[in-house]
Amino acid sequence: MNETLKAIKNRRSIRKYKTEQIGEAELQAIMEAAIYAPSGMNQQKWHFTVIQNREKLAKIADMVKQNMLKSGIEFAVERAKSPGFNVFYEAPTVVIITADEKAMPTELDCGAAAENIALAAESMNIGSCLIGMAGFLFASGKAGEIKKELGIPEGYKFIISVALGYKDIENPPVPPKNKDVINYVK
Ligand SMILES: Cc1cc2nc3c(=O)[nH]c(=O)nc-3n(C[C@H](O)[C@H](O)[C@H](O)COP(=O)(O)O)c2cc1C
């Protein structure tokens, strides 16, 4: 199996990280991989906020938790109540991916970028986890203020985030992957 296929198959969602920060050269390679992702009509209407400040990450994780508790959405409330809950699993680096609200649908563009981030990380044995629940960060009246503080461009909305860090865990087993979802027409 070639290295690309190995990275694709070995990548698992990692939910336990070492406290040590990832290397700067590794981070730059990961973020370059992000912006090399395809986008519809090459619109590139995405933005990446890379957060490595530990206090800020802890504050953001707590805001997400509080918003989940207040959400009234059963699964979110239950998750937030679980002991030691931290939406980013205390990863030392988090990338928040946002996109221009007025652009053509940007979810696929940002999804491709997020997967590039995860695969580039895996290729250097760095753990990652896509975190959709971080969207709760913007689920309060303070969303505008938070976006400003993080330098998210005006008119950009949350799409997905990616936690990154050295793995403090063996790669988890492959979760069930449905094989009967492919139809070949030859
Ligand atoms: C759009 C999206 C959102 C996700 N959000 C979360 C999340 O908020 N928290 C989490 O722990 N995992 C999240 N995941 C990771 C999935 O749970 C994980 O990819 C899935 O269980 C398959 O496991 P694998 O990534 O190890 O193959 C998300 C994945 C995707 C694609």
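Modeller: A crossing of two helices is left-handed if the near helix is turned anticlockwise from the far one by less than a right angle, and right-handed if clockwise. In this predicted model, the crossing of helix 3 and helix 6 is left-handed.

Colleague: Thanks! Why are helix 3 and helix 6 called roughly antiparallel?

Modeller: Helix 3 and helix 6 (residues 143–150) pack at an angle of about 160°, and their axes are 13 Å apart. Angles over 145 degrees count as roughly antiparallel, so helix 3 and helix 6 belong in that class.

Colleague: And what makes helix 3 and helix 4 oblique?

Modeller: The axes of helix 3 (residues 54–70) and helix 4 (residues 74–81) cross at roughly 135° and come within 7 Å. Roughly antiparallel needs an angle over 145 degrees, and roughly perpendicular covers 65 to 115. The angle of roughly 135° fits neither, and therefore helix 3 and helix 4 are oblique to each other. Helix 3 also passes helix 4 in a left-handed crossing.

Colleague: Let's turn to the ligand. How do you know that Ser13 makes a polar contact with the ligand?

Modeller: An N or O atom in the Ser13 side chain is 2.6 Å from an oxygen atom of the ligand. The cut-off for a pair of N or O atoms is 3.5 Å, so this pair counts as a polar contact. The side chain of Lys177 has an N or O atom 2.8 Å from a ligand oxygen. The protein covers 63% of the 620 Å² of accessible area that the ligand has on its own.

Colleague: Which residues come nearest to the ligand?

Modeller: Of the 13 residues around the ligand, those are Arg12, Ser13, Arg15, Tyr89 and Lys177. By class, seven residues of the shell are nonpolar, two polar and four charged.

Technical notes:
Residues are numbered from 1 along each chain as its sequence is written. This is a predicted model: local features need pLDDT of at least 70, side-chain atom pairs count only at pLDDT 80 or more; totals for chains, interfaces and linings use all residues. Side-chain values use heavy atoms; hydrogens and water are left out. A residue is near a molecule or strand if one of its heavy atoms lies within 4 Å of it. A polar contact is a pair of N or O atoms within 3.5 Å; within protein, one must be able to donate a hydrogen and the other to accept it, and residues adjacent in sequence count only if both atoms are side-chain atoms. Accessible areas come from the Shrake-Rupley method with a 1.4 Å probe; for residues, only the protein chains shown count as cover. Ala, Val, Leu, Ile, Met, Phe, Trp, Tyr, Cys and Pro count as nonpolar, Asp, Glu, Lys and Arg as charged, and the others, Gly among them, as polar. Axes are lines fitted to C-alpha atoms, for helices over the stretch in contact, and angles run from 0 to 180 degrees between N-to-C directions. Helices (H or I, at least four residues) and strands (E, at least two) are DSSP runs, numbered from the N terminus. Angles under 35 degrees count as roughly parallel, over 145 as roughly antiparallel, 65 to 115 as roughly perpendicular and the rest as oblique.
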